[in-house]
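Trainee: Got a minute? I'd like to go through a structure with you.
Mentor: Sure, put it up and ask away.

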Amino acid sequence: MASPQTVVIGFLGSQLDAGQGAGRWEKWRPTISLVQHEDMAVQRLELLHSPHHRSLAELVAADVRTVSPETTVNLVEMPLKDPWDFGEVYAALYDWVRAYRFEPERERYWVHITTGTHVAQICMYLLAEARLVPGVLVQTSPPRKQRAGNPGSYALIDLDLSKYDQIAQRFERAHADAVSFLKSGIATQSPRFNALIDEVERVAVRSKAPVLLIGPTGAGKSHLARRMYELKKARHQLAGPFVEVNCATLRGDGAASALFGHKKGAYTGAAGERAGYLRTAHQGLLFLDEIGELGLDEQAMLLKAIEEKRFYPMGSDQEVESDFQLVAGTHRDLRAEVAAGRFRDDLFARINLWTYTLPGLAERSEDIAPNIEHLLQLHARENGQAARFNVEARERYLRFARSAEAIWRGNFRDLSASITRLATLAEGGRIGLELVEAEIERLRWLWRREEAGAPPSGRAEALLGREAWAALDHFEQLQLDAVLTVCAKATSLSEAGRALFNVSRTQRSVVNDADRLRKYLARYELSWERISA
């Protein structure tokens with residue numbers, strides 16, 4: 001098979017390529033140098049030029065044929081009114097490239113970026129990067145000592161970065177460092193969580209769109225939002241502050257005032273002017289935790305602020321501006337809230353572009369061990385006192401922490417409090433078996449007390465919706481919540497069924513745990529696909 005022919009595309013250098021008389025051959029001219037290299041055979045040169053440089057283009061074309069008779073020169077007139085106008089130059093080049101007949105199977109294309117205005121060079125680069133020109137860049141350089149006939153040097157630049165191992169490795173290291181930063185340096189093992197954080201990293205550094213974090217209390221929504229902010233600020237993508245608001249604490253007129261600010265006298269008790277959280281977050285990141293608790297009026301005002309970057313403070317007839325990035329958090333299923341009319345569908349559509357569900361600690365049993373090590377290191381830094389489990393104590397604590405008995409209702413808050421107690425009480429910095437057994441009993445007591453004191457109000461309520469949840473007896477609420485807790489730890493309907501029917505299944509001649517669990521869930525219009533989503 002014949003080697004592909006080389007085609008060079010480049011602008012005429014109105015200054016660098018200029019020259020009259022015999023003296024021009026003593027000068028380095030970049031376009032002429034392209035065909036002077038012994039190891040570089042150019043079959044065709046597409047020479048772009050403006051109409052008023054036609055005579056110079058013809059002279060350069062004649063000189064190219066003198067040096068390299070085998071090179072065909074096509075003069076391409078580019079009628080540009082302003083060669084420094086980016087829009088005009090790019091549009092003209094784009095139109096020419098789109099009409100050009102590229103044949104990559106028999107020709108290879110080099111885009112010459114040494115000549116032309118800086119704007120033209122940038123446009124040529126962008127067209128090659130977008131693969132609208134299926135080739136590489138060629139950059140020519142003059143010789144160190146000018147001599148007649150010395151072509152200098154040239155370098156080929158392939159914009160396919162995958163071919164540059166060192167560059168690719170640096171990008172990969174930067175990505176890995178950012179992912180580790182978002183995870184606070186914790187070597188998490190959960191494939192689901194790691195995949196989630198990997199995508200969050202890419203979104204955090206590439207997008208300014210709202211992000212929605214869904215998960216139970218204590219799953220780390222606030223922590224992740226703050227790490228996203230710190231990552232973006234380190235890359236100079238944000239200049240303003242991190243502002244965190246728990247919407248569940250906002251009520252009545254105070255909600256609109258806290259978020260959007262107010263003028264003096266806007267309502268009874270408004271003794272002075274208030275900026276509000278949205279204005280405070282200008283050029284920064286606003287984290288609205290439990291956004292599902294906002295009233296419908298505040299939701300409508302928030303939608304306008306997100307879309308238009310401006311809003312009216314309470315009692316004011318003048319709009320104010322604030323350009324912030326929004327990260328919202330909730331433990332509710334906002335789809336169900338929209339269906340029930342408690343959350344605006346237009347606001348949900350606006351904040352639902354990037355939605356991530358953070359699993360609870362009970363769903364990430366493989367990450368308990370690395371988080372324990374992280375919490376022990378954190379305790380040592382903050383208190384100047386290191387603490388470590390002995391082997392037997394560590395195995396006992398992990399066995400309990402990963403069991404179905406450990407419901408981790410408060411998620412990482414429960415784990416953090418537990419490790420803090422153990423590290424504080426450790427004599428000589430050693431956490432022994434006796435201390436672990438006492439802590440396990442404390443956790444059992446804590447979770448039993450919470451269950452007895454009030455009905456669960458987490459995942460089961462979110463799945464059923466408030467009205468359906470409130471219609472259940474307390475007994476049914478407790479039972480359904482317990483079933484969903486077991487299901488959350490299982491990888492399949494059958495596995496969950498085996499755990500739930502662990503005694504009665506041994507007394508049956510035909511065992512079908514999955515079918516029994518499926519029928520139970522169907523009573524509440526639930527399915528495995530829905531609860532495991």
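**A chat about the model**

Trainee: Where is aspartate 85 found?
Mentor: Aspartate 85 sits in the loop between strand 3 (72-77) and helix 3 (86-99). Keep in mind that this is a predicted model.

Trainee: Okay, and what does the side chain of aspartate 85 have a polar atom 2.8 Å from?
Mentor: That would be the backbone nitrogen of glutamate 88.

Trainee: How does aspartate 85 count for accessibility, and why?
Mentor: Aspartate 85 counts as partly exposed because its relative accessibility is 34%, and that class runs between 20% and 50%.

Trainee: What separates the C-alpha atoms of aspartate 85 and leucine 425?
Mentor: They are 71 Å apart, with the two positions 340 residues apart along the chain.

Trainee: Switching to sheets: what's the strand order in the open sheet of five strands?
Mentor: The order is 8-9-12-7-13, and the pairing is parallel.

Trainee: Which strands stand at the edges?
Mentor: Strand 8 (242-246) and strand 13 (354-357) do. Each has a single partner strand, so one side of each lacks a neighbour in the sheet. From one strand to the next, the twist averages 15 degrees.

Trainee: How many bridges join strand 7 to strand 13?
Mentor: Four, with strand 7 (residues 211-214) and strand 13 running parallel. Leucine 212, for one, has threonine 355 in strand 13 as its bridge partner.

Trainee: Last topic: how many disulfides does the structure hold?
Mentor: Zero.

Trainee: And is cysteine 123 buried or exposed?
Mentor: Buried, with a relative accessible area of 0%. Cysteine 487 counts as buried too, at 6%, because the cut-off for buried is under 20%.

Methods
Residues are numbered from 1 along each chain as its sequence is written. This is a predicted model: local features need pLDDT of at least 70, side-chain atom pairs count only at pLDDT 80 or more; totals for chains, interfaces and linings use all residues. Side-chain values use heavy atoms; hydrogens and water are left out. Helices (H or I, at least four residues) and strands (E, at least two) are DSSP runs, numbered from the N terminus. Buried means under 20% relative accessible area, exposed over 50%, partly exposed in between (1.4 Å probe, protein chains only). A polar contact is a pair of N or O atoms within 3.5 Å; within protein, one must be able to donate a hydrogen and the other to accept it, and residues adjacent in sequence count only if both atoms are side-chain atoms. Two strands pair if DSSP finds at least two bridges between them. Axes are lines fitted to C-alpha atoms, for helices over the stretch in contact, and angles run from 0 to 180 degrees between N-to-C directions. A disulfide is a pair of cysteine sulfur atoms within 2.5 Å.
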